[in-house]
Amino acid sequence: AARARGSGHPVDAAALLGSLAAKNSGKLDWKHSVGDLMKLVGMDSSLSARKELAQDLHYSGDMNDSATMNMWLHNEVMQQLAANGGKVPQNLLDR
């Protein structure tokens, strides 16, 4: 499982993302929007970038249905954080 470098403890992903959001001048709804989550961590959040991320994460749905793809992507990113040792609140995993 992924751990904070040298600490031996899981990374509190929600606290880290919340801290980044608090420092951001924009209103980024990272808890619900994959686009805002990507912006928060400095990623390109364009539709083409989201489609590329969906391919990387093995999305099998219709990429032309961006609303469904975005919801799946957000859930998958949260699941991946948790699976790799990140502490993610249950309410962000149950979408």
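**Exercise 1. Identify the residues whose side chains meet in a salt bridge, and describe where each partner sits.**

Solution. In this predicted model, the side chains of aspartate 36 and lysine 39 meet in a salt bridge, with 3.9 Å from N to O. As a first step, check that distance against the cut-off: a side-chain nitrogen of Lys or Arg has to lie within 4 Å of a carboxyl oxygen of Asp or Glu, so the pair qualifies. By this rule the count comes to 1 salt bridge. The next step is to place the partners in the fold: both aspartate 36 and lysine 39 belong to helix α2, where they are 3 residues apart, about one turn of the helix. The last step is to assign their exposure, for which buried means under 20% relative accessible area and partly exposed lies between that value and 50%. Aspartate 36 has a relative accessible area of 13% and is therefore buried, whereas lysine 39, at 44%, counts as partly exposed.

**Exercise 2. Describe the largest nonpolar core and the surroundings of methionine 78.**

Solution. Begin with the core itself, which has 23 residues; Trp30, Leu73 and Met78 are those with the most contacts inside it. Then ask which helices contribute: α1 (13-23), α2 (34-40), α3 (47-56), α4 (66-83) and α5 (90-93) each supply at least two residues of this core. Finally, turn to methionine 78 and set aside its neighbours within four places in sequence; the residues in contact with it are then Leu17, Trp30, Leu37, Val88, Leu92 and Leu93.

**Exercise 3. Locate a nonpolar patch on the surface and classify leucine 16.**

Solution. The patch is formed by Leu16, Leu20, Val41 and Met43, which together have about 330 Å² of accessible area. Taking leucine 16 as the example, one finds it in helix α1. Its relative accessibility is 47%, and because partly exposed covers the range between 20% and 50%, leucine 16 counts as partly exposed.

**Exercise 4. Place glutamine 90, and state the model's confidence in the helix that holds it.**

Solution. Glutamine 90 lies in helix α5 and, at 48% relative accessibility, counts as partly exposed. Its C-alpha atom is separated by 19 Å from that of asparagine 70, and the two residues are 20 residues apart along the chain. For the confidence, start from the whole protein chain, where the mean pLDDT is 88 and 91% of the residues reach 70 or more. Then compare the elements: confidence is lowest in α5, at a mean of 86, and highest in α3, at 97.

Technical notes: Residues numbered from 1 in each chain as written. Predicted model: local features only at pLDDT ≥ 70, side-chain atom pairs only at ≥ 80, totals over all residues. Heavy atoms only, no water. Core = buried A, V, L, I, M, F, W, Y, C linked by side-chain atoms within 4.5 Å. Buried < 20%, exposed > 50% of the residue type's maximum accessible area, 1.4 Å probe, protein only. Helix = DSSP H or I, 4+ residues; strand = E, 2+ residues; numbered from the N terminus. Contact = heavy atoms within 4.5 Å. Patch = residues over 30% accessible without salt bridge, like charges linked within 9 Å, V, L, I, M, F, W, Y side chains within 5 Å. Areas by Shrake-Rupley, 256 points an atom, 1.4 Å probe, with all protein chains shown as cover. pLDDT = per-residue confidence, 0-100.
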